[in-house]
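Please open the model in your viewer and keep the sequence panel beside it. The stops below say what to select next and what is found there.

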Amino acid sequence: MKILVLEDEDGKFDEIAAHIKVVVPDACIQRERNWLSYSMAVSNAKFDLILLDLFVPRSQKDSTVEDHTDVLVATTRDYGSKSFRTPAIVLTRYSADSGDFVHNLNLVDINVIPFNEHGEWREALKRKLLSAQPDKKFDVVIVCALEKEATAFQSLVDKWGTVRGISGLLCRDVEIGPYKAVIVQPQRMGLVASAISSAFALDRFEPRLICMSGICGGVAGEADMYDLLVTQICHQHDAGKWSTTGFKADHFHVQLDVDVNNKLIEVASDEAVIASLLDGLNPAKAEIPEGKERIGCAIKTGAPTSSGSAVIAEEGKTATLTVGQRKLAGFDMEVYSVYEAARQARRRTAFFAAKAVVDDGGNNKGDAFHRIACLLSAKYVVAAIRAGVADVWK
């Protein structure tokens with residue numbers, strides 16, 4: 001929250017600033033000491049709240065303290081000012097007994113609060129601070145359908161926040177390099193819950209990038225266990241029509257933007273990123289696939305995958321997914337909805353998904369490979385974010 005304070009008295013400013021920090025601990029306070037500096041600040045930057053005194057020096061070079069009531073509205077509510085819509089409060093010892101004075105300021109959303117030793121101004125200022133707080137925005141939204149997929153990021157990010165609800169979404173603030181990100185966990189697995197969460201997050205947080213991390217199934221012959229599938233094009237495999245002749249699918253798909261895809265290929269080609277994926281995994285014996293001596297992970301960019309809300313755990317069922325999809329590499333329950341939500345977002349938003357293979361959709365499904373697969377996908381997603389995939393259109 002950016003707050004502009006015009007106050008020349010040090011004691012009064014310290015008292016106001018201390019109270020602001022109690023109510024909004026992360027508030028960014030800019031102090032100006034004279035009217036000229038205030039006029040320039042309010043014109044050139046957008047603030048969330050303005051607090052000002054009317055009796056301040058004219059300028060840095062002219063210390064004459066004078067009443068600026070006559071020019072208050074013209075300066076603060078100039079249509080050319082970047083803060084002309086910002087709510088403002090006059091915190092003054094000036095006796096505002098004149099009804100016209102207060103009435104005229106109220107017409108342009110400037111309130112007058114007497115500043116005195118009784119401290120009544122504190123409660124009034126607190127209410128204004130809380131009501132003027134801006135909506136929280138993020139550079140990046142990471143969607144994870146499972147808690148284990150989200151917690152895989154804990155050791156990989158620079159700042160790990162607490163879980164909290166924001167506008168009905170279950171969120172965790174994190175920082176990755178210079179990027180402020182939020183991990184959003186839908187209420188349940190599947191296309192519908194992820195579509196709702198993604199659409200809300202895109203509209204509420206206005207990110208430059210939305211991405212998905214986690215686990216998926218792999219199609220035999222196209223992907224091995226722990227392979228990382230970076231979906232280039234995603235189909236919805238459960239949309240279509242059931243009839244006496246069986247199920248005929250409708251063909252819906254979304255594919256990556258060329259610039260985003262190129263950036264993801266660049267990240268996947270980085271030898272340091274490839275080496276870092278397998279660092280520190282410390283697999284237990286049960287986490288190593290049968291017939292393998294160690295864990296391997298191939299990053300498959302440009303992978304075609306498909307999504308549907310039902311879990312696939314039947315031998316031979318994946319053969320139905322590959323009808324008409326010769327190179328289908330994997331399948332999951334959410335990626336299509338994230339891609340489609342981003343495609344229809346009001347603001348142009350980069351998007352991608354990277355998921356690691358944990359099974360082939362057969363009846364031997366289990367959780368043995370989930371921990372490492374969640375880490376592999378989270379590591380690649382973090383590497384892509386650090387590489388600047390959110391800024392491909394800057």
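**A tour by selection**

Begin by selecting Val-192, which lies in helix H7 (residues 191–205); helices (H or I, at least four residues) and strands (E, at least two) are DSSP runs, numbered from the N terminus. This is a predicted model, in which local features need pLDDT of at least 70 and side-chain atom pairs count only at pLDDT 80 or more, while totals for chains, interfaces and linings use all residues. Residues are numbered from 1 along each chain as its sequence is written, and side-chain values use heavy atoms, with hydrogens and water left out.

Val-192 is exposed, its relative accessible area being 59%; here buried means under 20% relative accessible area, exposed over 50%, and partly exposed in between (1.4 Å probe, protein chains only). Add Ile-196 and Phe-200 to the selection, and with Val-192 they form a nonpolar patch on the surface that has about 300 Å² of accessible area together. Patches are made of residues with over 30% relative accessible area and no salt bridge, like charges being joined within 9 Å and nonpolar side chains (Val, Leu, Ile, Met, Phe, Trp, Tyr) within 5 Å. The areas come from the Shrake-Rupley method with a 1.4 Å probe, and for residues only the protein chains shown count as cover.

**Helix H8 and its cover**

Next select helix H8, residues 258–268, where Val-260, Asn-261, Lys-263, Leu-264, Val-267 and Ala-268 are buried. Looking down the axis of H8, you will find its buried residues within an arc of 160°, so they line one face of the helix; the arc is that of the directions from the helix axis to the C-beta atoms. The cover over these buried residues includes strand S13 (228–236), helix H9 (271–277), strand S17 (299–307), strand S19 (350–359) and helix H12 (370–386). At the start of H8, show the side chain of Asp-257, an oxygen of which reaches to within 2.8 Å of the backbone nitrogen of Asp-259.

**Strand S17 and His-237**

From the cover of H8, move to Ala-303 in strand S17, a residue that is buried at 4% relative accessible area. Leaving aside neighbours within four places in sequence, Ala-303 is in contact (heavy atoms within 4.5 Å) with Leu-229, Val-230, Thr-231, Gln-232, Ile-233 and Ala-329. A distance label between the C-alpha atoms of Ala-303 and Ala-354, which are 51 residues apart along the chain, should read 9.7 Å.

Then select His-237, in the loop between S13 and strand S14 (240–243), which counts as buried at 17% relative accessibility. Its side chain makes a polar contact with the side chain of Ser-306 (2.8 Å), and the side chain of His-237 also reaches the backbone nitrogen of Gly-308 at 3.3 Å. A polar contact is a pair of N or O atoms within 3.5 Å; within protein, one must be able to donate a hydrogen and the other to accept it, and residues adjacent in sequence count only if both atoms are side-chain atoms. Among the other residues that His-237 touches, not counting those up to four places away in sequence, are Phe-247, Ile-312, Leu-321, Phe-331 and Asp-332.

**Two backbone stops**

Most residues other than glycine have a negative phi. Select Tyr-226, which has a positive phi of about 75° although it is not a glycine; Tyr-226 is found in the loop between strand S12 (209–218) and S13, and counts as buried at 0% relative accessibility. Asn-282, in the loop between H9 and S17, has a positive phi near 45°, and Asn-282 is exposed, with a relative accessible area of 66%.

**Salt bridges**

Taking a salt bridge as a side-chain nitrogen of Lys or Arg within 4 Å of a carboxyl oxygen of Asp or Glu, the count comes to 24. Select Lys-12 and Glu-7, whose closest N and O atoms are 3.1 Å apart in a salt bridge; Lys-12 is buried at 3% relative accessible area, and Glu-7 is buried at 1%.

Finish with Arg-208 and Asp-391, which form a salt bridge with the closest N and O atoms 2.9 Å apart. Arg-208 lies in the loop between H7 and S12 and Asp-391 in the segment after H12, so the pair ties together parts that are 183 residues apart in sequence. Arg-208 is partly exposed, with a relative accessible area of 26%. Extend the selection to Asp-139 and Lys-394, which salt bridges that share partners join with Arg-208 and Asp-391 into one network.
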